[in-house]
Amino acid sequence: AASLAALLPATALAQKKIVLGFSQVGAESEWRTANTESIKASAKDAGIELKFSDAQQKQENQIKAIRSFIAQKVDVIAFSPVVESGWETVLREAKAANIPVVLTDRSVNTKDDSLYVTFMGSDFVEEGRKAGRWLVDKMKDEKGEVNIVELQGTVGSAPAIDRKKGFEEIIKADPKFKIIRSQTGDFTRAKGKEVMEAFLKADGKKINVLYAHNDDMAIGAIQAIEEAGLKPAKDITIISVDAVKGAFEAMIAGKLNVSVECSPLLGPQLMSAVKDIKAGKTLPKRIVTEETIFPMEVAAKEFPKRKY
Ligand code: GZL
């Protein structure tokens with residue numbers, strides 16, 4: 001092999017590093033932080049040069065970042081679209097520049113699915129169904145009305161739209177379930193607390209259940225519930241999504257009833273997809289993350305095994 005190496009020009013041996021441009025939603029939640037860590041660590045492990053941009057949850061910043069990646073002629077562009085719509089123009093620019101695009105975590109609304117190679121991430125509708133099924137089972141002996149308040153994720157984002165859709169699909173089977181208030185908490189603890197305070201002021205004693213589209217909003221709401229002199233997970237049943245560390249800590253403290261898992265650990269899958277694309281392999285249009293649900297009863301046992 002050494003003799004062969006001596007024959008090849010140095011350039012042929014020094015494989016050019018793959019350059020990946022990644023536009024991240026922001027740093028709004030524990031989930032997002034874990035997702036960013038997974039992407040950065042996996043790029044390093046894979047020997048892929050990562051150009052990373054944080055959009056502070058603003059679509060115009062993501063579009064700017066994607067345009068910059070096109071100008072820099074990166075090999076692949078990947079991003080988690082903060083909202084579903086408004087991407088066609090910039091995705092057409094990437095296509096015209098012959099730069100393949102990978103969607104991670106959240107999807108985009110487009111009729112032209114040639115604008116991206118693959119979308120890898122969770123099935124948010126199924127996550128909503130899991131939350132609904134858990135509640136229907138928990139309340140199966142409840143004769144009276146079950147009044148639900150809902151903290152929605154970022155308006156227009158795929159997880160907010162689909163987690164609502166899946167949850168309502170399940171609870172509509174029984175008219176005792178009523179969503180009496182529903183408002184966005186933008187996936188953050190601060191906003192989740194603020195909106196829950198407003199819900200409690202308006203409907204306090206009437207609220208039986210909180211359905212939060214992510215753990216960060218649920219944790220903020222738990223603070224509001226306690227400050228209102230109520231017991232979270234007892235006076236108000238709390239259902240959440242993500243299953244981040246903070247959720248396990250809240251469940252172990254008896255303040256959260258259940259969290260539906262939504263894995264942020266997409267880094268390894270993304271890097272192997274990037275390498276496959278550069279090697280000319282075709283990928284499935286959709287790669288779904290497998291995940292489960294964690295009720296508080298199993299939180300203490302499962303917590304030590306958690307990776308995010
Ligand atoms: C879901 C992801 C959502 C998380 C939130 O895949 O897009 O965004 O559920 C995060 O915690 O802010």
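**Entry 1: the ligand**

I began with Asp 105, where a side-chain N or O atom lies 2.4 Å from an oxygen atom of the ligand; I note here that the model is a predicted one, so every distance I write down is a computed value. I then turned to Asn 214, and found that an N or O atom of its side chain is 2.9 Å from a ligand oxygen. For Arg 32 I looked up the corresponding distance, and a polar atom of that side chain sits 3.0 Å from an oxygen atom of the ligand. Which residues come nearest to the ligand? I listed 13 residues around the ligand, and the nearest of them are Glu 28, Asp 105, Arg 106, Arg 163 and Asp 242.

**Entry 2: the cavity**

I next looked for enclosed space in the protein, and with a threshold of 30 Å³ or more I counted one cavity. The largest cavity holds about 100 Å³ of space. I found 13 residues lining the largest cavity, and those closest to its centre are Trp 31, Arg 32, Arg 106, Arg 163 and Asp 242. Two helices, α3 (residues 30-46) and α7 (residues 158-171), are the elements that each contribute two or more residues to this lining. When I sorted the lining of the largest cavity by class, I obtained six charged, five nonpolar and two polar residues.

I compared names with the previous entry: Arg 106, Arg 163 and Asp 242 are among the residues nearest to the ligand, and they are also among those closest to the centre of the largest cavity.

**Entry 3: two positions in helix α3**

Having met helix α3 in the cavity lining, I looked up Ala 34, which lies in that helix. Is Ala 34 buried or exposed? Its relative accessibility is 11%, and because buried means under 20%, Ala 34 counts as buried. Apart from neighbours within four places in sequence, Ala 34 is in contact with Pro 264 and Tyr 308. I also checked Ala 34 against Gln 59, which is 25 residues away along the chain, and the C-alpha atoms of the two are separated by 21 Å.

Ser 42 has its place in helix α3 as well. I found a relative accessible area of 9% for Ser 42, so this residue is likewise buried. Which residues does Ser 42 contact, leaving aside its neighbours within four places in sequence? I recorded Gly 267, Pro 268 and Met 271 as the contacts of Ser 42.

Note on methods: Residues numbered from 1 in each chain as written. Predicted model: local features only at pLDDT ≥ 70, side-chain atom pairs only at ≥ 80, totals over all residues. Heavy atoms only, no water. 1 Å grid on protein atoms, 1.4 Å probe; cavity = no way out; pocket = protein on both sides within 12 Å on 5 of 7 lines; lining within 4 Å. Points joined across faces, edges and corners; volume = space filled by probe spheres on them. Helix = DSSP H or I, 4+ residues; strand = E, 2+ residues; numbered from the N terminus. Nonpolar A, V, L, I, M, F, W, Y, C, P; charged D, E, K, R; others polar. Buried < 20%, exposed > 50% of the residue type's maximum accessible area, 1.4 Å probe, protein only. Contact = heavy atoms within 4.5 Å. Near = heavy atom within 4 Å. Polar contact = N/O pair within 3.5 Å; in protein donor to acceptor, adjacent residues only side chain to side chain.
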